[in-house]
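Q: Before turning to details, I should like to learn how such a model is read, feature by feature. Could we begin once it is in view?

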Amino acid sequence: MRKAVRNSQELAQEIRMWQGRLQPRLADIDPHDLHLILWSILRHRYGGRYNFLMRRQKDGRYVL
Amino acid sequence: MSFSEQVLAQILAKARRVKLEMILVGNAAAALHKVPVMTQDVDFFVRHTPMNLKKLRVLADELGGMLTQPYYPTSRMMRVVAPDFSVDFVFELSSRRRFESVRSRAARMKIGAQAIVVASLEDVIAAKEAAARPKDRATLRILKETLRTQKELENETK
């Protein structure tokens with residue numbers, strides 16, 4: 001659990017660092033979108049899994 | 001492994017058994033290129049040959065799915081439908097890029113113990129631009145923005 005929290009903190013710091021460096025050059029990308037993109041690119045370095053396939057449940061809800 | 005990885009690994013293992021050569025395309029390919037997108041199905045690009053059609057029938061059986069051809073006889077794809085997932089096998093891309101051409105630019109990755117060939121993000125974008133369906137246009141922006149961000153990151157870390 002402690003490792004997971006540490007990973008999350010380090011990931012958040014790395015995203016913040018890259019956003020600071022790249023946002024001026026990617027000014028036309030919405031800052032929230034760039035944050036999401038950076039999270040999606042960087043999270044695998046911190047143990048993130050590929051999770052893209054949605055399943056439709058019997059009640060009509062979609063879950064990953 | 002996540003559910004997505006389990007499904008992919010299962011398809012890859014069975015496809016390897018029947019020796020079907022295929023390239024992951026579409027949003028699943030984009031997701032493996034770390035684009036923040038989701039999808040309901042998995043799309044593979046395969047050559048349209050009589051042998052591959054036989055292999056697809058065997059693969060559908062192995063996956064416990066049903067092989068169908070939506071919009072028969074006009075559609076250029078086959079779909080394996082199973083309760084937990086559906087897999088499309090397309091015989092041509094909207095971009096008209098050839099199998100060999102897409103394969104030459106594709107990335108080789110691993111899902112668990114299974115090897116997978118994933119179309120380049122540039123090829124995924126080209127196919128979606130050419131298809132130009134509303135669902136393709138909806139994701140084009142995030143695909144292009146992720147590609148630009150990846151290139152900037154690569155330049156910075158060189």
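A: Helices and strands are taken as DSSP runs, numbered from the N terminus, with at least four residues for a helix and at least two for a strand. The model is a predicted one. On that basis, chain B holds 6 helices and 7 strands.

Q: In what order do the elements of chain B run from the N terminus on?

A: The succession is α-β-α-β-α-β-β-β-α-β-β-α-α.

Q: How compact is chain B for its length?

A: The radius of gyration is compared with the value from the globule rule, 2.2 Å times the number of residues to the power 0.38. For the 158 residues of chain B that rule gives 15 Å, and the radius of gyration is close to it at 15 Å, so chain B is as compact as a globular protein of that length. Its C-alpha atoms fill a box of roughly 45 × 35 × 30 Å along the principal axes. Buried residues account for 38% of chain B. Among the contacts in chain B with a separation of 6 or more, 54% link residues 24 or more positions apart.

Q: What does the comparison with the globule rule give for chain A?

A: The elements of chain A are 2 helices and 2 strands, arranged along the sequence as α-α-β-β. Its radius of gyration is 15 Å, well over the 11 Å given by the globule rule for 64 residues, so chain A is more spread out than a compact globule. The C-alpha trace spans about 45 × 35 × 15 Å along its principal axes, and 12% of the residues in chain A are buried.

Q: How should a single helix be examined, and which residues of α3(B) are buried?

A: One may look at its span and then at the way burial is distributed around its axis. Helix α3 of chain B, residues 50-62, reaches 19 Å from its first C-alpha to its last, close to the 18 Å expected for its 13 residues at 1.5 Å a residue. A residue is buried if 20 or more other C-beta atoms lie within 10 Å of its own. In α3(B), B:N52, B:K55, B:L56, B:L59 and B:A60 are buried. These residues lie on the same side of α3(B), because the arc that they cover around the axis is only 140°. B:P50, B:M51 and B:K54, on the other side of α3(B), are exposed.

Q: Which elements do the buried residues of α3(B) pack against?

A: Their partners in chain B are α1, β3 (66-68), β4 (77-81) and β5 (86-90). Just after α3(B), B:G64 has a positive phi of about 70°.

Q: How do the strands β3(B) and β4(B) run, and how many bridges join them?

A: β3(B) and β4(B) are antiparallel, joined by 3 bridges, with B:M66 opposite B:V81 of β4(B). β4(B) also runs antiparallel to β5(B), through 5 bridges; here B:M78 faces B:F89 of β5(B). These two strands, β4(B) and β5(B), make a hairpin with 4 residues between them.

Q: How many residues of each chain take part in the contact between chain B and chain A?

A: The contact involves 26 residues of chain B and 22 residues of chain A. On the chain B side, the elements giving two or more residues are α1 (3-17), α2 (26-32) and α6 (134-157). The largest share, 9 residues, belongs to α6(B). By class, that side of chain B has 12 nonpolar, 7 polar and 7 charged residues.

Conventions. Residues numbered from 1 in each chain as written. Chains lettered and ligands numbered in written order. Predicted model: local features only at pLDDT ≥ 70, side-chain atom pairs only at ≥ 80, totals over all residues. Contact = placed C-beta atoms within 7 Å. Nonpolar A, V, L, I, M, F, W, Y, C, P; charged D, E, K, R; others polar. Expected span 1.5 Å × (residues − 1). Arc of directions from axis to C-beta. Pairing = 2+ DSSP bridges.
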